[in-house]
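Please work through the exercises below with the structure in view. Each task is followed by a solution in steps.

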Amino acid sequence: MTTCVHTFKCCGQRIALDVPSGAVHVLSELAFEMLQRIAPPLAPECPASLRYELAKYDSTSVSEAYQELYSLYKDGLLFSEDVEYEMPPSGVVKSMCLHVSHDCNMRCKYCFADAGEYSRGRKLMSLETGKKALDFLFEKSGKIHNLEVDMFGGEPLLNFDVVRELVAYGRQRERELGKKIAFTITTNGALLDDEAIDFINSEFSNVVLSIDGRREVNDRMRTFVDGSGTYDTILPKFKKLVERRGDRDWYVRGTFTRENLDFAADVIALADEGFDQISIEPVVLDESDPLAIRREDLPRIFKEYDRLAREMIRRYRQGRPFNFFHFMIDLDEGPCVYKRCKGCGSGNEYVAVTPDGDIFPCHQFVEFMPMKMGNVHDGSFDTEMQRKFAGQSILTIPECRECWAKYYCGGGCAANNYKYKGAVETPYEINCELERKRVECALAIKAATAEYDEQDA
Amino acid sequence: MKNVKTLNKTNSAKRAVAAGCGECQASCQSACKTSCTVANQKCLRLTKKSENK
């Protein structure tokens with residue numbers, strides 16, 4: 001059994017995370033310093049050596065702080081012991097990324113999907129293939145009631161008729177089978193008209209709207225086929241969709257590259273346009289690409305996450321908060337331990353299906369033919385590969401076992417590991433460092449907003 | 001307490017040990033598609049419980 005407490009400072013907050021229990025403590029300077037000097041097992045009384053080491057504080061204060069930490073220790077909220085969880089077996093597929101279009105009406109410079117083609121030519125999914133993919137999902141979902149299908153591409157609205165037909169087919173089959181599909185869609189917005197907006201808002205439980213932030217950043221990266229910028233076309237369409245969306249989920253989602261390491265400005269630009277559900281993420285590209293994030297960029301990116309966190313705290317206090325996807329953290333109703341250990345479920349619970357009906361562990365594996373798992377037309381499915389993915393978790397990857405952020409990260413992205421390190425089980429350390437920084441910022445925002453709420457009460 | 005304020009209202013990790021029902025959302029479907037995280041995911045069981053309160 002191991003224990004692990006991660007202490008850090010961020011946005012003016014002093015925080016201790018007790019990793020096994022998930023308890024998050026905001027500390028005084030004295031308690032923060034004390035925590036650097038103690039290790040389990042803790043004695044009931046404050047050790048004399050501690051008073052000596054912390055002699056700049058008065059003895060009564062040192063004793064009080066020690067007793068507070070000791071009380072958390074006794075309650076299992078500090079230096080708690082990690083548990084060896086037993087993971088459920090594989091065999092169920094419940095989520096599908098449906099590549100209804102391997103074609104795109106944009107030419108984004110960083111696109112991991114190769115302008116929608118995934119290195120295999122332009123193609124739209126037929127209705128027949130889409131239906132077979134949904135049948136595969138229903139068949140493999142076992143006793144799971146809640147299923148998910150993301151309409152993805154390329155640009156899925158290039159195949160809008162098939163999207164509509166597939167939603168209708170899914171609705172019919174879910175009624176017959178007593179299941180429920182949550183449809184989601186990821187769109188670049190170019191083809192969003194009133195009809196598409198109303199259909200998406202009525203049928204899709206989540207919609208991801210691709211835009212990169214500031215006009216100049218967006219238009220440098222996200223262009224139409226003729227090279228012209230897309231910002232002025234998509235922004236009003238996204239605003240219209242969000243205005244009509246009611247309380248259903250949505251996100252504006254962008255990508256940052258080496259060319260806009262000041263990406264906090266892009267998040268803030270989207271917030272200033274009235275969007276309050278925002279995700280901006282590091283680009284996924286081979287390290288040789290000039291747009292790719294490099295190790296030497298990390299200090300700059302960390303500063304940018306800090307800047308963003310401080311701005312979010314400031315706006316929260318001003319009564320105009322917004323959500324940033326990677327700073328969202330739920331300390332009380334978050335995922336169960338199984339989910340925390342297994343992460344995204346790619347190749348096991350989650351698969352992607354291409355226009356040809358080929359099955360891959362997720363949308364990011366589609367460009368790698370050796371990772372093909374089967375095809376919905378001939379019914380093939382590599383259960384051995386599924387078992388391999390199912391067997392991988394933060395408990396089986398040595399770097400993850402030792403990482404303080406493991407229960408928030410879930411083991412990271414297997415596709416990125418494969419792409420950058422050549423093996424799904426080898427963590428891509430740049431991603432690990434980014435994730436750890438984001439978790440620190442998320443916890444600091446929690447601490448700062450809780451402090452404000454307390455003062456305001 | 002003067003020196004420590006615990007942010008969690010409950011000990012979520014302990015409470016969640018019994019779960020693993022598999023009904024929750026796949027994390028990559030929510031808004032990322034490129035950088036997996038689970039911290040922001042909801043437990044469907046717990047969410048339904050609090051909605052029913």
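The exercises that follow concern a predicted model.

**Exercise 1. Describe the make-up of chain B and its contact with chain A.**

Step 1. Begin with the elements of chain B, which has two helices and one strand. Read from the N terminus, their order is β-α-α.

Step 2. Turn to burial. Of the 53 residues in chain B, 47% are buried.

Step 3. Consider the contact between the chains: 44 residues of chain B touch 72 residues of chain A. On the chain B side, β1 (4-6), α1 (12-15) and α2 (44-51) are the elements that give two or more residues. The largest share comes from α2(B), with four residues.

Step 4. Sort the residues on this side of chain B by type. There are 18 nonpolar, 19 polar and seven charged residues.

**Exercise 2. Determine which strands form the sheet that contains β1(B), and which of them stand at its edges.**

Step 1. Find the partner of β1(B). Strand β3 of chain A (residues 23-27) pairs with β1(B) in the antiparallel sense, over three bridges. In this pairing A:Leu27 stands opposite B:Val4.

Step 2. Recall the general principle: strands of a sheet pair through backbone hydrogen bonds, in either a parallel or an antiparallel sense.

Step 3. Extend the sheet. Its four strands have the order β1(A)-β2(A)-β3(A)-β1(B), the sheet is open, and the pairing is antiparallel.

Step 4. Identify the edges. β1 of chain A (5-10) and β1 of chain B each have a single partner strand, so one side of each has no neighbour in the sheet. On average, neighbouring strands of this sheet are turned by 25 degrees against each other, with direction ignored.

**Exercise 3. Trace the 11-stranded sheet of chain A and examine some of its pairings.**

Step 1. Write down the order of this open sheet: β12-β11-β10-β9-β8-β7-β4-β13-β14-β15-β16, with mixed pairing.

Step 2. Locate the edges. They are β12 (323-324) and β16 (380-381) of chain A; each has a single partner strand, and therefore one side of each is left without a neighbour in the sheet.

Step 3. Look for a helix against the sheet. Helix α9 of chain A (residues 264-272) packs on it and touches β10 (249-256), β11 (277-282) and β12. The direction of α9 makes about 160 degrees with that of β11(A).

Step 4. Examine an antiparallel pair. Strands β13 (residues 350-353) and β14 (residues 358-360) of chain A are joined by two bridges, and A:Ala352 stands opposite A:Phe360 in β14(A).

Step 5. Examine a parallel pair. Strands β8 (residues 180-187) and β9 of chain A share five bridges, and A:Thr186 stands opposite A:Val208 in β9(A).

Step 6. Assess the burial of β9(A), residues 204-210. Six of its seven residues are buried, so this strand is largely enclosed by the rest of the structure.

**Exercise 4. Classify the packing of α4(A) with α5(A), and that of α10(A) with α16(A).**

Step 1. Take α4 (residues 127-140) and α5 (residues 160-177) of chain A. The angle is about 30 degrees and the axes are 10 Å apart. Angles under 35 degrees count as roughly parallel, and α4(A) and α5(A) are therefore roughly parallel to each other. Their crossing is right-handed.

Step 2. Inspect the contact. Residues of α4(A) including A:Leu127, A:Leu134 and A:Phe138 meet residues of α5(A), among them A:Val162, A:Leu166 and A:Leu177. The contact as a whole has seven nonpolar, two polar and three charged residues.

Step 3. Take α10 (residues 298-317) and α16 (residues 429-456) of chain A. These axes come within 10 Å and cross at roughly 20 degrees. By the same reasoning, α10(A) and α16(A) are roughly parallel to each other, and the crossing is right-handed.

Step 4. Inspect this second contact. In α10(A), residues including A:Ile301, A:Phe302 and A:Met312 take part, and in α16(A), among them, A:Leu434, A:Cys441 and A:Ile445. The residues divide into 14 nonpolar, one polar and five charged.

**Exercise 5. Is A:Ser90 buried, partly exposed or exposed, and which residues does it contact?**

Step 1. Place the residue: A:Ser90 lies in the loop between α3 (59-74) and β4 (95-99) of chain A.

Step 2. Count neighbours. A:Ser90 has 17 C-beta neighbours inside 10 Å and therefore counts as partly exposed.

Step 3. List the contacts, leaving aside neighbours within four places in sequence: A:Asn348, A:Gln386, A:Arg387 and A:Ala390.

How values were computed
Residues numbered from 1 in each chain as written. Chains lettered and ligands numbered in written order. Predicted model: local features only at pLDDT ≥ 70, side-chain atom pairs only at ≥ 80, totals over all residues. Axes fitted to C-alpha atoms, helices over the stretch in contact; angles between N-to-C directions. Parallel < 35°, antiparallel > 145°, perpendicular 65-115°, else oblique. Left-handed = near helix turned anticlockwise from the far one by under 90°. Contact = placed C-beta atoms within 7 Å. Nonpolar A, V, L, I, M, F, W, Y, C, P; charged D, E, K, R; others polar. Pairing = 2+ DSSP bridges. Buried ≥ 20, exposed ≤ 12 C-beta atoms within 10 Å, placed from the backbone.
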